[in-house]
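Hi there,

Here is the structure I promised to pass on to you. Please open it alongside this email, and my notes follow below.

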Amino acid sequence: MSIEINNLTVELCADKHNANCINVADSLFLTVDEGEVVSIVGESGSGKSFLGLSILRLNPLRISKITSGEIKIKCKSQKTEIDILKLNPDELIGARGRLVSMIFQDPNTSLNPVMKIGEQITEAIIAHKKVSKKEAKDTAVSYLNSMNIDGKSRFGSYPYELSGGMRQRVMIAMAMVLEPCFLIADEPTTALDVTTSLQVLKLIEDIREKSNIGVIFITHDLTVARSISDRTYVFYAGQVMESGNTGDLINNPAHPYTISLIKSVPSLSADYVPKQKLFTIPGFLTKDDFSKGKCRFYSRCFKRGEECLKDIPLSSFTGGGKSGRDVRCVKVKNF
Ligand SMILES: Nc1ncnc2c1ncn2[C@@H]1O[C@H](COP(=O)(O)OP(=O)(O)OP(=O)(O)O)[C@@H](O)[C@H]1O
Ligand code: SF4
Ligand SMILES: [Mg+2]
């Protein structure tokens, strides 16, 4: 059981005449195995949500298109092996939710505000499975229960009657109810307080253990990535800058962007001194960072030089950690 993304490029254009286009995902390779949690980490605007949406071909068609690549999904329990990019519209609707489910970044806009939460889950079940309304309702109640929400009494609640954390858990119930092989969780804990955030992370961890599904966990928070994922892809301006085993990558980062990101998180930084001025990466991510002909991190990199003014390939290293490491930087020769 696996997701294998090969050479995926997604173009995003500022207007419908295909002008001002950038590659919001650029020649991307990514794998997720059965039972594995893989994090995609990067700062706001780097293209993480676009990547998640593109895996299900939910990227907004008005402004973006997938121009190359393969998204191969193998799911043993459903005896299915497909390339998402080759499915026709009917096959695609069947695959969404059943093969790969997504917890969207914003539960406030992803749930229908004028429909009871129990009915929203029941509707998803009936759309994909041949079951009676009663069976679908019972399943919805039991999934709400498994998310620590009293299914019976909350079945008839509208989203506005729930707290943010409860809405997030309803989204997880909805994503899991079709028993998919893979889950894409887009910043599922960002808007939550620490306690609720830990509960949601624990739920995702429990689901992975119980169902052995593969999870793509999108986050801007390296500490969350460290607590939940086996491997991490560090993403900047539509490209993978570095990837490898999460623990190794955080303890021994190679790419200047990963090094800077870790330095910006006081609790992860090895040289953190209490009350010292906090480190921030200079500048911010701009549209120009997505352009070709230079390293995409060039304008903010503490190590940049003339040799960085060209497209930089991803290089693979095998030593130094439990698993291999891929790094996109001309100055990294080993790690
Ligand atoms: N609907 C849209 N129209 C135009 N540009 C968009 C749209 N949605 C996203 N973008 C642009 O695409 C790029 C990637 O956005 P995306 O939402 O994937 O970022 P992200 O990494 O998920 O950020 P965040 O951490 O803030 O959620 C950004 O530069 C953003 O400006
Ligand atoms: S290629 Fe150059 S600009 Fe890019 S991360 Fe490496 S040193 Fe920095
Ligand atoms: Mg996002």
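Which residues does Arg 300 touch, leaving out those up to four places away in sequence? They are Glu 43, Tyr 236, Ile 281, Pro 282, Gly 283, Phe 284 and Leu 285. Please keep in mind as you read on that this is a predicted model.

Let me stay with Arg 300 for a moment. Arg 300 sits in the loop between H11 and S11. With a relative accessible area of 5%, Arg 300 counts as buried, because buried means under 20%. Its side chain makes a polar contact with the side chain of Glu 43, at 3.1 Å.

The loop between helix H11 (256-263) and strand S11 (315-317) also holds Glu 307. Glu 307 has a relative accessible area of 39% and is partly exposed. Leaving out residues up to four places away in sequence, Glu 307 touches Ile 312, Val 330 and Lys 331. From Glu 307 to Lys 294 it is 13 residues in sequence and 9.0 Å in space, C-alpha to C-alpha.

Now to ligand 1. There are 13 residues around ligand 1, and those that come nearest are Ser 44, Gly 45, Lys 48, Ser 49 and Gln 105. By type, the shell divides into 4 nonpolar, 6 polar and 3 charged residues. Helix H1 (residues 48-55) gives the largest share of this shell, with 3 residues.

Three polar atom pairs are worth a look on your screen:

- Ser 44: a polar side-chain atom lies 2.5 Å from an oxygen atom of ligand 1.
- Phe 50: a polar backbone atom is 2.9 Å from an oxygen atom of ligand 1.
- Glu 187: an N or O atom of the side chain is 3.5 Å from an oxygen atom of ligand 1.

Taken alone, ligand 1 exposes 640 Å², and the protein buries 62% of that.

Next, the magnesium ion (ligand 3). Which protein atoms are its donors? They are OG of Ser 49 and OE1 of Gln 105, at 2.0 to 2.3 Å from the ion. This pair links distant parts of the chain, as Ser 49 is in helix H1 while Gln 105 is in the loop between strand S6 (100-103) and helix H3 (107-110), 56 residues apart. Ser 49 is partly exposed at 22% relative accessibility, and Gln 105 is partly exposed at 38%. Both donors, Ser 49 and Gln 105, are also among the residues that come nearest to ligand 1.

Thr 219 is another residue to find. Thr 219 belongs to strand S8 (residues 214-219) and is buried, with a relative accessible area of 3%. The side chain of Thr 219 reaches the backbone nitrogen of Asp 221 at 2.8 Å. Not counting residues up to four places away in sequence, Thr 219 touches Ile 40, Val 41, Gly 42, Lys 48, Glu 187, Val 224 and Ala 225. Two of these names came up with ligand 1: Lys 48 and Glu 187.

Last comes Asp 15, in the loop between strand S1 (2-13) and strand S2 (21-33). Is Asp 15 buried, partly exposed or exposed? Asp 15 is partly exposed, because its relative accessibility is 30%. Asp 15 and Ala 127 are 34 Å apart in space, C-alpha to C-alpha, and 112 residues apart in sequence.

Happy browsing, and write back with any questions!

Best wishes

Technical notes
Residues numbered from 1 in each chain as written. Chains lettered and ligands numbered in written order. Predicted model: local features only at pLDDT ≥ 70, side-chain atom pairs only at ≥ 80, totals over all residues. Heavy atoms only, no water. Near = heavy atom within 4 Å. Polar contact = N/O pair within 3.5 Å; in protein donor to acceptor, adjacent residues only side chain to side chain. Areas by Shrake-Rupley, 256 points an atom, 1.4 Å probe, with all protein chains shown as cover. Helix = DSSP H or I, 4+ residues; strand = E, 2+ residues; numbered from the N terminus. Nonpolar A, V, L, I, M, F, W, Y, C, P; charged D, E, K, R; others polar. Buried < 20%, exposed > 50% of the residue type's maximum accessible area, 1.4 Å probe, protein only. Donors = N, O, S within 2.8 Å, 3.2 Å for Na, K, Ca; no water. Contact = heavy atoms within 4.5 Å.
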